[in-house]
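Reader: I've never had to make sense of a protein model before. Could you walk me through this one feature by feature?

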Amino acid sequence: MAGGAAAVATFISAVKQRAADIIYIIEPKVIGPGIAFSSLDDDILCNTSVGIMSIVYDQQNDFLEYLKECGIDATRDSYVSRSLVGKYLNRKFLHYRDIARKNGVKVFQIHDEFKSLKRIGHCKYIINFCNPLTQKINVTDVIFCTGYGKPKLPNVLIPYREIDTLVCCPYPEKDMLKRVKYLSRILVIGSKLSAVDSAILLGREGHEVTMISPSGELASVRSRFIRINKNIEFKNLMKIMTEWDLREKNCVFWTPKHAFLRFVLRTLSTETLSSWKLQFSFLNNYKDILKEEIFIAKNGNALWQDLLADFAFAINEFYINNNSSDLPKEIKEIIHRYITGLALPNAKKILMLIDAKKLHVRKGTLKHVHLNPSWSVDWGEGVEQFDAIVLATGFYLPSFILNLNNELEIDTEEKNKTSAIKITNLLSIKHPDWNENESIWFVGPPAHTRIPLPNAMFIIVSIAEQVISGIKRLTAFR
């Protein structure tokens, strides 16, 4: 269900493995781009490199070959615009749709949105749609590829959600830019990738941007993000994670943060053949850190970047194979800046804006907001005035719940997080009232309760292949 990158990866795996005779894709818009790759502005770049952007499981250079066919000069290390990925995803969907139809597989796109799933028997489901005029469908297997939930909105801004100068999501970028008056002072809430996208586009148009977040930090800078199959000491990492999880469950005070850091630094020293001290900035000011990290990345010394993909696979593998709780907060704090790293071209643009005094980064959270007629905002440093506010606070993670009619629904705002359906290590549904081997599956952000790093393309492609294999195994026993 839904038609972004996760859906395309899953569809391709289903076609290649000949897993179905009929495939329905529920997506009201064009299949392929989704929210992540629907941007049309060339200044909005992927923060992962071409070498891990293939949507075809066993063809790691597929995206690179597509770019060359389009006459685009790129290598596996290159960062390209998200719009190119969106076009690529749509083209691959159409290509494999043609293959499916040649093989006798019927493919239907339903131009509506999913409302609920009703179980009428083992591996027998009815899908209901938001538009009551859309005919319900009966299916035997369901894969949720619905991406993220709704944009997050801080409580203090809820009363203003209909105000035109409050942009609740920076995408589509044309809408954001249209709603901001010429040469405005703009507050961007957040400092992650969508905040960086916002700052680059708004700064390019001449606006002055202030970015605030609880950390007051920008992501780390990397010159590439590819997978080169480095030797992560998987057993040692799993030992740390298992001890961490067991001790947390037993409510024993224990912080293995230093053990985890030692593991990371030892791996960096042995696998990159360079001192870890040369790979990071130890400065305090965000501008100085950014400038030094750009220097490190430009000179090829950010060697930690070549371990990231394998590290992400190792972490996910642990959570798929163990009934563990969420990724510990201490680990999230350590790896967050690096997993969400800035592409070097974007980092340079951000530094130029900072040098031109068009971008300021502050630490804080909204305490008070008032609109009359401009925005008066206080995040702990006194009241400042802004012409517009852009929310780059991310999206809710979707949960799946059973409603009062015992139908499965998507909670897109984390309102019922405590009653969410559990996901098995096979990435299928688990509920005490249903058989564990029901054929309801999750790829991408919907799988977040089982795998902590669910949304990078190289992760999605691997998970999609695993899920389709699971469906085939289950089908064999029907």
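Reader: Let's start with one residue. How should I read a relative accessibility of 30% for Arg-227?
Author: The general idea is a three-way label: buried is under 20% relative accessible area, exposed is over 50%, and partly exposed lies in between (1.4 Å probe, protein chains only). At 30%, Arg-227 counts as partly exposed.

Reader: Anything I should know about the model itself?
Author: It's a predicted model, where local features need pLDDT of at least 70 and side-chain atom pairs count only at pLDDT 80 or more, while totals for chains, interfaces and linings use all residues. Residues are numbered from 1 along each chain as its sequence is written, and side-chain values use heavy atoms, with hydrogens and water left out.

Reader: Okay. Which residue does Arg-227 form a salt bridge with?
Author: In general, a salt bridge is a side-chain nitrogen of Lys or Arg within 4 Å of a carboxyl oxygen of Asp or Glu. Here, the partner of Arg-227 is Asp-310, and their closest N and O atoms are 2.9 Å apart. Arg-227 sits in the loop between β10 and α6, and Asp-310 in helix α9, so this pair ties together parts that are 83 residues apart in sequence.

Reader: Where do names like α9 come from?
Author: Helices (H or I, at least four residues) and strands (E, at least two) are DSSP runs, numbered from the N terminus.

Reader: And Asp-310: buried or exposed?
Author: Buried, because its relative accessibility is 6%. While we're on charged side chains, some bridges share partners, and that is how Asp-41, Asp-43, Arg-204, Glu-205 and Lys-349 are joined into one network.

Reader: How many salt bridges does the structure hold?
Author: There are 20 of them. Another one pairs Asp-306 with Arg-224, with 2.7 Å between the closest N and O atoms. That pair also links distant parts of the chain: Asp-306 is in the loop between α8 and α9, Arg-224 is in the loop between β10 (221-222) and α6 (234-249), and 82 residues separate them. Asp-306 has a relative accessibility of 6%, so you'd call it buried, whereas Arg-224 is partly exposed at 22%.

Reader: How far apart along the chain are Lys-150 and Glu-413?
Author: Let's take the contact before the distance: the two side chains meet in a salt bridge (3.6 Å, N to O). Along the chain they are 263 residues apart, with Lys-150 in the loop between β6 (142-144) and β7 (166-167), and Glu-413 in the loop between β18 (407-411) and β19 (422-423). Lys-150 comes out as partly exposed with 42%, and Glu-413 gets that label too, with 24%.

Reader: Now the backbone. What should I expect from phi angles and peptide bonds?
Author: Most residues other than glycine have a negative phi, and most peptide bonds are trans. So hunt for the exceptions! The peptide bond from Tyr-171 to Pro-172 is cis, with omega near -5 degrees. You'll find Pro-172 in the loop between β7 and α4 (173-178).

Reader: What kind of peptide bond joins Asn-372 and Pro-373?
Author: That one is cis, and omega is about -20 degrees. Pro-373 belongs to the loop between β13 (368-371) and β14 (375-378), and it's exposed, with a relative accessible area of 78%. Try a distance here as well: Pro-373 and Asp-387 are 14 residues apart in sequence, and their C-alpha atoms are 8.6 Å apart in space.

Reader: And inside β14 itself, is Ser-376 buried or exposed?
Author: Ser-376, which is found in strand β14, is buried, with a relative accessible area of 15%. From Ser-376 to Gly-147 it's 229 residues along the sequence and 34 Å through space, C-alpha to C-alpha.

Reader: Where does Leu-183 lie, and what is its phi?
Author: Leu-183 lies in the loop between α4 and β8 (185-189). Its phi is positive, about 50 degrees, although Leu-183 is not a glycine. With 47% relative accessibility, it counts as partly exposed.

Reader: What about the phi of Asn-406?
Author: It's near 60 degrees, a positive value in a residue other than glycine. Look for Asn-406 in the loop between β17 (399-402) and β18; it is partly exposed, with a relative accessible area of 39%.
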